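User: I'm new to this one and would like a close look at a single part of it. Could you walk me through it in plain words?

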Amino acid sequence: MALALAALLSSGLLVSPASPPAARRLPTRPRTPSTTLAAVDLFAEPLPPSVGGKLLLAPAPNFPPSLESPPAALPASITPFPALADVFLAPLAPADLAAALSLALALLLGPDFLLAPAGLVSRDGIRPGRALERVLGERLEPDAPWLRDRREGLAADAPLAIKAIAALLFGAAGLLLERLLLLALEDVSFVLSVGICACIGAGLLEVIRDPLPTREERDWNRKLVDEFFVFASERLQPTGRCHESEIVRAFRAYYPRYRRSDMRRTEDGVSLPDERVAALVRSWNGEVGRPAVRTPAGYWKGISVAPAERDA
């Protein structure tokens, strides 16, 4: 038994509990030398330093000769104006066509928008397009119905052929004006801006302009005025006072076809709003010398509604 234990101890398979374990040594890293900081004068004299093979030189204390002011001021030179033939015979670019079309449309609508801020715009206005259509109509078809309406200041559309001829003429005028403006401004973008601004101004004025009445509207307005004069001669008396609604009510009772403001569901009636009857009262008052005065509340001082014969 003793011999067996001795053999195990000698072979290392059995460790004696009394013997302490061997300590493990950690691997050590090689020591590197510590870095040191040193100040280097990059502009030291007499040898300047170099970085990447390039010398670092200090800037010169004065400006180089290339930046010095000239000894004498040079006179201003004016660029030569473009030749007239070069401008008029130049090929048309898309910007040129857009500028010419915008100027042509502005010419057709008229320059009234320039007078609008001063309040000098009338219902007819300065409208070269309508004037040219009328001139063409006088030459081509002087007895046309639309031309008779134009002579009387009524709204009437010209035939398509007349409009096409007028559009071609204004297109040529717009192209000529575009070339002239290009000769003066020397930049097609400026010319295009002028044309677009003119189109916007003329178009807005054309939208807000009071429309001309048609022949049917003119005849109906005249009929209403005549009917109100007949009503006023029999039912209005130049004394007292009354409200505007009383006159409207009496007028509708006098003419049964206007008995309601909306007569679209009837066969013998005509729709007539109360505002239109009130406008007839004001128009009649101005035509007969203003015998009455209307208050802001709608009362007429100086006239009153006479009772009807059946109510008397």
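Which helix does L84 lie in? And what is going on around that spot?

Analyst: Happy to. Keep in mind that this is a predicted model. L84 lies in helix 2, a short stretch covering 84-88. On the surface, L84 joins F88, L89, L176 and L180 in a nonpolar patch. Taken together, those five residues have about 490 Å² of accessible area. Helix 2 doesn't build the patch by itself: helix 6, spanning 160-185, also supplies at least two of its residues, just as helix 2 does.

For some background, the protein chain has ten helices and seven strands. The chain as a whole exposes about 22700 Å², with carbon and sulfur atoms supplying 63% of that. Of its 312 residues, 24% are buried.

Now for the inside. The largest nonpolar core holds 20 residues, and F228, F231, L236, I247 and F251 have the most contacts within it. Helix 8 (215-235), helix 9 (244-254) and helix 10 (274-287) each bring at least two residues to this core. Take I247 as an example: leaving out residues up to four places away in sequence, I247 touches F228, F231, L236, C242, V281, W300, I303 and V305. Another core lies apart from that one, made of eight residues, including L136, W146, L147 and A158.

One last thing about how the chain meets itself: among contacts between residues at least 6 apart in sequence, 60% join residues at least 24 apart.

Conventions: Residues are numbered from 1 along each chain as its sequence is written. This is a predicted model: local features need pLDDT of at least 70, side-chain atom pairs count only at pLDDT 80 or more; totals for chains, interfaces and linings use all residues. Side-chain values use heavy atoms; hydrogens and water are left out. A nonpolar core is a set of buried Ala, Val, Leu, Ile, Met, Phe, Trp, Tyr and Cys residues joined through side-chain atoms within 4.5 Å. Buried means under 20% relative accessible area, exposed over 50%, partly exposed in between (1.4 Å probe, protein chains only). Helices (H or I, at least four residues) and strands (E, at least two) are DSSP runs, numbered from the N terminus. Contact means heavy atoms within 4.5 Å. Patches are made of residues with over 30% relative accessible area and no salt bridge: like charges are joined within 9 Å, nonpolar side chains (Val, Leu, Ile, Met, Phe, Trp, Tyr) within 5 Å. Accessible areas come from the Shrake-Rupley method with a 1.4 Å probe; for residues, only the protein chains shown count as cover. A salt bridge is a side-chain nitrogen of Lys or Arg within 4 Å of a carboxyl oxygen of Asp or Glu.
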